[in-house]
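I opened this notebook to keep track of what I looked up, residue by residue and helix by helix. The entries follow the order in which I went through the model.

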Amino acid sequence: MPIGPLPPRDMDPLGWGEPSRRTPLPPHAKRWLHREIGLPDRRPVPADPPPAPNPPASRIPAEARAALAEHAEVSEDPVTLLRHAGGKSYLDLTRRRRGESDLPDAVVIPPDHVAVLAILGVCADHDIAVVPFGGGTSVVGGVAPLRGPHAAVIALDLRRIADLTHVDPESLTITAGAGMRGPELERALAPYGLTLGHYPQSWEYATLGGYAATRSAGQASTGYGRFDDMVVSVQLATPKGTLVAGRAPASSTGPDLRGLILGSEGVFGVITELTLRVRPIPEATYDEGWSFRTFEAGLTALRRLVQAGLAPDITRLSDPDETRATLALSGNGKTRILRGLLSARGRSGGCLLILGWEGERTMVRDRRAAATAILRAADGARLGSAVGEAWRRGRFETAYLRDELLDAGAMVETLETATAWADVPGLYDAVRTALLTDLRTGDARPLLMGHVSHIYPTGASLYFTAVASRDTGDPLGQWIRAKSRATEVIAAARAVISHHHAVGTDHLPWITEEIGPLGVRILRAIKNELDPDGILNPGKLIPAEEKPGHSE
């Protein structure tokens, strides 16, 4: 995709991205939200701004700070600390807006892998916890600056380890630093005619290391594969030394150690470099919209596509509520286009499906032609390319809409999972019921939107967005209770507790249920070998060890 000016490295600590890119909710959207969820149709009287960050005195001893400064830039600037006080979940932003965030004792910015190794040694010697920090886009507590049992905590910001160091156009592989952001990599690859093709919602700010640490999925992962499918090799700095996992196209030399690092969320070490598979920039890109009368009919069509080997590169099937909200909230031409096309097809609502096709021109044409027959057989109505193109143009703006909704008095948050095709409809209904139970405030009913955006021959992901009138008395508990109930439902259905957001702190209580007590003990044994002092990202991924006399 064309790469415009790179966004600033640092995001607004109280919201997403650049505040200048926010667009106020149009009047018709406010009226609709007032009718739908009881949100005030006028912007609430602005609350007092959150207090300026006033961190307590750093708990890092002077000797340790001097040792860190020998290897890296060290900052204790209050605004810098605030920007590293967690990720971008509703809970994170609400705490920061209320002035309740825990701050790291310092932000440390190393220049290279060797410096990271030295910093880990200093922190082990001085009992300082280390939270690896890329773009800061986690929405599950993955970069919360938790000290755990340690004397202090630093955020280890990898922004300087961000070079493209090798390109092999014959093998279609590249090597880059873990602190490189998505737009930076695509801009560096463009002169070679190459692309990584990994575009998560957080693409403008998330880093390669973050993709790897969370086993990220992108909007085109149905076609290009998840990020872990793209990794040839990965370099990890640990308190015990350097671990490099992966080489050559494939190997049968024992278990694949890349699997220990990918998805490890910074608890085993700091990912500093990756070698990745890339592709030629596609000759043709074609986006289109379809409509289905029901969510179930759309699911059937997607299952038939992927099991026939005809899945598009981008897939997004919205349920009736998400389709309805798209029509109601959008302030641009997409609404008029979509409403007109739906009317022309005799469908005032239903479910919107966005498909994206990329590749060599004739292959895109042939894939689309074969897929069209399956979509029409499932009662799909084609809406044309204008709807798909409008989605692509605005696909990274949704997070800014969330900030506007927060300012208007809403609670907005997401959760996601994945399960087998046979179980998708039942899980979809059960999660919606669970969320509705806890998100009602008085007579106001929440808006629950769902979509499928990643499909596999055996199953699909489910992604939910909840918008509710915020409980001003307990804005954090409102979501914590709802998500806990929904996650219990997901775990009981033997679906995954996360398809692509990772574990962090939010999903930690359920990981034992998914991987089993023995699985937890395996993770803990690896942790003890690579990080014997437990300084790396405390409180994430691995449950605390039970006291003697208790079982997991």
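**Entry 1: Glu-36 and its contacts**

I began with Glu-36, which I found in helix H1, residues 27-37. The model I am reading is a predicted one. I looked up how Glu-36 relates to Pro-446 and noted that they stand 410 residues apart in sequence, whereas their C-alpha atoms are 7.8 Å apart in space. Leaving out residues up to four places away in sequence, I listed Arg-324, Arg-445 and Leu-447 as the residues that Glu-36 touches.

**Entry 2: Nonpolar cores**

I then turned to the largest nonpolar core, which has 75 residues, and wrote down Ile-154, Leu-208, Phe-227, Ile-271 and Leu-274 as those with the most contacts inside it. Its largest share, five residues, comes from helix H5, residues 113-125. Apart from this core I found another, of 66 residues, with Ala-311, Trp-357, Val-412 and Val-424 among them.

I went back to Ile-154 for its contacts, again without residues up to four places away in sequence, and noted that they include Ile-60, Pro-104, Ala-106, Val-108, Ile-119 and Cys-123. The stretch Ile-128, Ala-129, Val-130 and Val-131 is touched by Ile-154 as well.

**Entry 3: Helix H18**

What span should helix H18 have at 1.5 Å a residue? For its 18 residues, 475-492, the expected value is 26 Å, and I read 27 Å between the end C-alpha atoms, which agrees. The multiplier here is one less than the number of residues, so the expectation rests on the steps between residues.

I listed the buried residues of H18 as Pro-475, Leu-476, Gly-477, Gln-478, Trp-479, Ala-482, Lys-483, Ala-486, Thr-487, Ile-490 and Ala-491. Looking for what covers them, I found that the cover includes helices H4 (90-97), H17 (424-439) and H19 (511-530), together with strands E16 (410-420) and E19 (459-469). After H18 comes Arg-494, whose phi is positive, near 60°.

**Entry 4: Positive phi in two loops**

I kept in mind that most residues other than glycine have a negative phi. Leu-172 has a positive phi, near 60°, and I located Leu-172 in the loop between strand E5 (164-168) and strand E6 (173-177). Is Leu-172 buried or partly exposed? Its relative accessible area is 28%, and since buried means under 20% and exposed over 50%, I entered Leu-172 as partly exposed.

For Asp-379 I noted a positive phi near 70°, and I placed Asp-379 in the loop between H14 and strand E15 (381-384). Asp-379 counts as partly exposed because its relative accessibility is 37%.

**Entry 5: Helices H11 and H14**

I next looked up how helix H11 (residues 295-307) packs with helix H14 (residues 361-377), and I recorded an angle of about 145° with the axes 9 Å apart. The crossing in which H11 passes H14 is right-handed. At the contact, Ala-301, Arg-304 and Leu-305 of H11 meet Ala-371, Ile-374 and Leu-375 of H14. Sorted by class, this contact has five nonpolar residues, no polar ones and one charged.

While on H11, I also checked Glu-296, which lies in this helix and is partly exposed at a relative accessible area of 42%. Between Glu-296 and Asp-319 I noted 23 residues in sequence and 9.1 Å in space, C-alpha to C-alpha.

**Entry 6: Two further loop residues**

I looked up Asp-112 in the loop between strand E2 (106-109) and H5, where its relative accessibility of 34% makes it count as partly exposed. The C-alpha atoms of Asp-112 and His-71 are separated by 9.3 Å, with the two residues 41 apart along the chain.

My last look-up was Gly-135, in the loop between strand E3 (128-133) and strand E4 (152-157). Which residues does Gly-135 touch, not counting residues up to four places away in sequence? I found Met-11, Tyr-205, Ala-206 and Thr-207. From Gly-135 to Thr-242, which are 107 residues apart along the chain, the C-alpha separation is 23 Å.

How values were computed:
Residues numbered from 1 in each chain as written. Predicted model: local features only at pLDDT ≥ 70, side-chain atom pairs only at ≥ 80, totals over all residues. Heavy atoms only, no water. Core = buried A, V, L, I, M, F, W, Y, C linked by side-chain atoms within 4.5 Å. Buried < 20%, exposed > 50% of the residue type's maximum accessible area, 1.4 Å probe, protein only. Helix = DSSP H or I, 4+ residues; strand = E, 2+ residues; numbered from the N terminus. Contact = heavy atoms within 4.5 Å. Axes fitted to C-alpha atoms, helices over the stretch in contact; angles between N-to-C directions. Left-handed = near helix turned anticlockwise from the far one by under 90°. Nonpolar A, V, L, I, M, F, W, Y, C, P; charged D, E, K, R; others polar.
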